[in-house]
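Please show me how one reads the features of such a model, from single residues up to packed elements. Which feature should come first?

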Amino acid sequence: MKIEIHTVVNGRELDAAVKPNQTLLEWLRDDMQLRGSKEGWGVGVCGSCTVLVDGRAVSSCLMLASNAEGKDVRTIEGLAQGDELDPVQRAFLEQQAFQCGYCTSGMIMATKALLSSNPQPTEDEARDYLSGNICRCGTYKEVLAAIKSLAEKFPEGT
């Protein structure tokens, strides 16, 4: 048995059939071939699977794909516009805010959501917002530097 949904993924409107117990992460990775979001622990605590749903950061390992009905889903693959990186992606590169890269897509998506809701976060606000995103390599200092540079370059938000 499958459930029919209508959703938008990375700006593309589509109809899809999803399994009742299939997570959004499984659907995006397995069915849609969008593999930027990673499964870390699978219980919503590491942030490596973070995507935007209607502009809000969501742990896609916890959300059922059927709950994407009528929603706008954006993954790391949907941030760049052609060959032009999103400002958040560019800031992560400039500040070298990654090492192994496993958490990077989730960190970028969470940062995008943070700056959309709070374009001028304090360091404490950024730390608090990103507390659900774990980097085992310890690039938190560089991530915070990327957020600070974005707040300076884009005072109205990215």
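**Reading the model, feature by feature**

Q: How is surface exposure read, and what is the relative accessible area of Asp54?

A: A residue is buried under 20% relative accessible area, exposed over 50% and partly exposed in between (1.4 Å probe, protein chains only). With 46%, Asp54 counts as partly exposed. The model is predicted, so local features require pLDDT of at least 70 and side-chain atom pairs pLDDT 80 or more, while totals for chains, interfaces and linings use all residues. Numbering runs from 1 along each chain as its sequence is written, and side-chain values rest on heavy atoms, without hydrogens and water.

Q: Where is Asp54 placed in the chain, and what is the sign of its phi?

A: Helices (H or I, at least four residues) and strands (E, at least two) are DSSP runs, numbered from the N terminus. Asp54 is in the loop between β3 (50–53) and β4 (56–59). Its phi is near 50°, a positive value in a residue other than glycine. Asn10 also has a positive phi, near 55°, and is likewise not a glycine. The place of Asn10 is in the loop between β1 (3–9) and β2 (12–18), and Asn10 is partly exposed at 21% relative accessible area.

Q: How does one read a sheet, and what is the strand order here?

A: Strands of a sheet pair through backbone hydrogen bonds, parallel or antiparallel. Two strands are taken to pair if DSSP finds at least two bridges between them. In this model, five strands form an open sheet in the order β2-β1-β5-β3-β4, with mixed pairing. β2 and β4 stand at the edges with a single partner strand each, so one side of each has no neighbour in the sheet. On average, neighbouring strands of this sheet are turned by 40° against each other, direction ignored. The pairing of β1 with β2 is antiparallel and extends over seven bridges; within it, Ile5 has Ala16 in β2 as its bridge partner.

Q: Which helices lie against these strands?

A: Contact means heavy atoms within 4.5 Å. Axes are lines fitted to C-alpha atoms, for helices over the stretch in contact, and angles run from 0 to 180 degrees between N-to-C directions. Helix α1 (residues 24–31) lies across β1, β2, β3 and β5 (72–74) and runs at about 75° to β1. Helix α3 (residues 104–117) packs on the sheet and touches β3, β4 and β5, its direction making about 35° with that of β3.

Q: How is a helix pair described, and how do α2 and α5 cross?

A: Two packed helices are described by the angle and the distance between their axes. The axes of α2 (residues 87–94) and α5 come within 9 Å and cross at roughly 130°. That makes α2 oblique to α5, where under 35 degrees is roughly parallel, over 145 roughly antiparallel, 65 to 115 roughly perpendicular and the rest oblique. Pro87, Val88, Ala91, Phe92 and Glu94 of α2 meet Val143, Ala146, Ser149, Leu150 and Lys153 of α5.

Q: Is Ser149 buried or exposed, and what does it contact?

A: Ser149, in helix α5 (residues 140–153), counts as buried at 11% relative accessibility. Leaving aside neighbours within four places in sequence, Ser149 is in contact with Ala91 and Gln95.

Q: What does Gly132 touch?

A: Gly132 is in the loop between α4 (123–129) and α5 and is partly exposed, with a relative accessible area of 34%. Not counting residues up to four places away in sequence, Gly132 touches Val45, Cys46 and Gly47. Gly132 and Lys71 are 61 residues apart in sequence and 23 Å apart in space, C-alpha to C-alpha.
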